[in-house]
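Please examine the sequence and the three-dimensional structure shown here. The report is written for a reader in the first year of study.

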Amino acid sequence: MYDMLVLRRRFEATIREMANTLFRAGRSGVLNTAHDFSCSVTDAKLQTVSAAVGVPIHVGSIHLVPRAVVDKFGTDVHPGDCFANNSSYHGNTHCADLTLCSPVFVGGKLLFYSIARAHLADVGFPVPTTYGPDSRDYYQEGLMLPCVRIQRDGRDVQEVIDICKANIRAPEQFYGDYLAILAAVRTGEKRLQAIAEAYGADAIVEFLDRYQAYGESMMADAIRGLPGGKVAREVRYDSDLPQYPQGIPVRASMEIDPAEGRLTIDLRDNVDNLPLGINMSEATVVGSCYSAVMSMIGKDVPRCSGAFRRIDILMREGAAVGKPRFPAATSAATTNLTHILTSHLQALFADFRADLGAAYSTIGQPASAPCISGEDSRKGGKSFYNQIILGFWSGPALHGHDGWLTFGSAGAQGMIAQSSVEVVEQQQPVLVEKLEIRIDSGGAGQWRGSPGSECIIRSRKDTLRLMATSAGRDHPPPGVLGGGHGGGNWAWKIDAEGQRSVLPVSMDTTIGPGEAMVSYGCGGGGFGAPSQRDPALVARDVQDGWVSHDAARAVYGVVLKDRQPGTVDMPATRALRDSLAAAESTDAPRAAIPTPILA
């Protein structure tokens with residue numbers, strides 16, 4: 001057991017060093033500020049050693065990338081090779097995530113794959129974005145690298161690099177990011193070789209097999225501790241499609257078999273591929289399912305392929321939530337439907353037992369996390385392309401805990417960093433005029449969802465293009481077990497005369513000198529009935545500016561003393577809550593988060 005612990009930590013340290021290398025060398029702000037990347041390692045059997053480090057939607061399915069290498073190249077894999085993949089039809093998440101995979105040989109024998117995945121600032125879309133929620137098919141989604149050899153004998157295959165540079169708006173920025181991803185992969189290769197040489201290749205192979213068996217045993221035991229049964233639910237996603245006027249349904253069922261120590265997720269009842277870029281990829285479906293279950297199963301179960309073997313995922317080809325059928329568009333596969341599916345699966349646990357599960361987090365990205373482009377007059381009119389991550393909050397509540405403010409989304413779960421306002425203003429010619437808590441936007445509940453953001457981004461002197469792939473406006477993040485929904489995603493443009501106009505959820509707008517974009521980000525859903533929330537916590541939220549006095553009274557049934565800030569009037573609170581409970585018993589409507597009106 002001692003050697004298993006030591007080797008496990010050696011592998012995890014290797015992955016962390018890979019990630020640190022990429023972070024320090026990345027050229028784009030989405031890498032060196034927002035950390036939108038992940039690193040991992042599999043063995044030659046394509047078993048993930050650890051998915052504990054990195055963005056959950058990235059690492060849960062990262063084993064599909066070396067699988068694509070094996071499927072395509074077979075034994076034509078050699079020391080010094082590196083393969084590039086951004087195709088959702090070859091095991092990748094979506095087109096903006098460039099994944100490099102290098103085979104690792106020790107003593108002439110293939111033992112591992114070293115893998116790094118990073119979100120690029122541009123991938124050659126017809127428009128300057130890395131998400132295309134309105135893309136009609138695969139051919140509208142920019143440059144595709146369907147698992148190709150990008151290095152041979154440790155040197156670039158120059159023709160592939162040339163094709164990339166010729167199709168990307170910022171070729172030198174791309175190449176700098178490519179070198180950062182490559183550095184992470186080669187760092188992993190060197191460290192893995194050192195581990196194998198220190199302990200012996202045979203001992204490492206034996207350890208990896210024992211570790212996967214240990215992970216599977218731990219997962220089976222954890223599932224045996226859950227209540228058995230089967231639950232199914234449907235949730236809705238915002239739609240402008242005429243065939244789904246009430247929203248696109250997202251359906252899932254979950255069955256827990258404690259006796260067998262198995263958990264099954266069935267997604268086969270979902271709608272067919274949509275004429276939009278939000279279709280999920282096989283990788284994002286697998287990553288969503290694994291990360292949703294592992295986030296609920298407990299911290300002691302290793303995040304490895306052995307544990308994943310106890311989760312059965314049923315999906316069908318040609319479904320929007322499933323395996324896409326070519327040429328369905330998937331450029332937003334890591335966001336919109338992924339956000340709602342992962343949250344949906346986490347919420348299903350609450351149907352098994354009231355102390356399990358979580359509410360829903362943000363659906364789509366807020367307008368304050370846009371792909372931004374333009375020409376920077378501070379730098380002689382030089383073109384720039386980037387994605388910034390501001391106000392990407394929306395933590396869902398769960399039993400015993402309020403939502404975590406900087407959670408981000410169920411696909412990120414706090415692993416993508418919030419961009420620094422100062423760095424954003426340095427990298428782009430913008431002024432972040434406001435970034436603050438949006439009052440009353442967290443879903444009410446016994447445990448409150450985290451609030452969303454209010455952000456204003458203003459142009460300084462240049463015309464900027466902002467593109468975002470949002471949702472959650474008509475169908476904001478729901479609560480569970482009586483919890484309220486969080487506030488939805490909204491955006492407005494303020495022109496030079498101060499006139500405000502609402503922007504669509506799939507935002508593509510320009511702001512020039514004197515103009516600004518206002519973003520309201522989603523709040524997380526609440527967990528449990530608001531009337532059960534500790535009045536002292538409501539009083540604290542009012543003091544902190546997260547909940548208004550009006551909402552404290554109307555939604556939570558808490559009365560605060562007028563001249564004693566933060567002090568609860570307990571007799572008045574008990575009386576109010578009794579009257580609200582009586583009203584609920586007659587199905588009288590309760591106060592909810594209002595649709596925002598920007599005066």
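The sections below treat the domains, the sheets, the open and enclosed spaces, and two points in the backbone.

## Model and domains

The structure is a predicted model. Its domain assignment gives domain 1 (1-215), domain 2 (358-533) and domain 3 (535-585). Between domain 1 and domain 3, the distance from C-alpha centre to C-alpha centre is 51 Å.

A further description comes from a database record. In an unreviewed entry, UniProt lists residues 6-530 under "domain: Hydantoinase B/oxoprolinase". In this model, helix makes up 28% of residues 6-530 and strand makes up 23%. The C-alpha atoms at the two ends of that span are separated by 46 Å.

## The sheet of five strands

One open sheet consists of five strands with antiparallel pairing, and their order is E13-E14-E19-E16-E17. At its edges are strand E13 (430-437) and strand E17 (500-502), each of which pairs on one side only. From one strand to the next, the twist averages 20 degrees.

As a general point, the strands of a sheet pair through backbone hydrogen bonds, and the pairing may be parallel or antiparallel. Within this sheet, five bridges join strand E16 (residues 490-494) to strand E19 (residues 516-520) in the antiparallel sense. Which residue of E19 is the bridge partner of Trp492? The partner is Val518.

## The sheet of four strands

Another open sheet has four strands in the order E12-E11-E15-E18, and here too the pairing is antiparallel. Strand E12 (382-387) and strand E18 (506-511) are the edge strands, each pairing on one side only. The twist in this sheet averages 10 degrees from one strand to the next.

Strand E11 (residues 371-376) pairs with strand E15 (residues 464-469) over four bridges, in the antiparallel sense. Ser373 has Arg465 of E15 as its bridge partner.

## The largest pocket

The largest pocket has a volume of about 1000 Å³. Its lining is made of 41 residues, and those that lie nearest the centre are Met294, Ser295, Met296, Arg303 and Gln413. Two or more lining residues are given by each of helix H1 (2-25), helix H3 (56-59) and helix H8 (282-297). Which element supplies the largest share of this lining? That element is H8, with seven residues.

The lining of the largest pocket can also be described by residue class: 21 of its residues are nonpolar, 13 are polar and seven are charged. Domain 1 (1-215) and domain 2 (358-533) each provide at least three residues to this lining.

## The enclosed cavities

How many cavities of 30 Å³ or more does the structure hold? There are five of them. The largest cavity contains about 150 Å³ of space. Around this cavity are 18 lining residues, of which Asp36, Tyr131, Thr334, Thr335 and Ile416 lie nearest the centre.

By class, the lining of the largest cavity comprises nine polar, seven nonpolar and two charged residues. At least three of the lining residues come from domain 1 (1-215), and at least three come from domain 2 (358-533).

## Two points in the backbone

The peptide bond that runs from Phe326 to Pro327 is cis, and its omega is near 10 degrees. Pro327 belongs to the loop between strand E10 (311-314) and helix H10 (336-352).

Another point concerns His35, a residue other than glycine with a positive phi, near 60 degrees. Where is His35 placed? His35 is in the loop between helix H2 (29-32) and strand E1 (37-43).

Notes
Residues numbered from 1 in each chain as written. Predicted model: local features only at pLDDT ≥ 70, side-chain atom pairs only at ≥ 80, totals over all residues. Heavy atoms only, no water. Pairing = 2+ DSSP bridges. Axes fitted to C-alpha atoms, helices over the stretch in contact; angles between N-to-C directions. 1 Å grid on protein atoms, 1.4 Å probe; cavity = no way out; pocket = protein on both sides within 12 Å on 5 of 7 lines; lining within 4 Å. Points joined across faces, edges and corners; volume = space filled by probe spheres on them. Nonpolar A, V, L, I, M, F, W, Y, C, P; charged D, E, K, R; others polar. Domains from an automatic or database assignment. UniProt positions renumbered as here; feature names shortened; annotations may be inferred.
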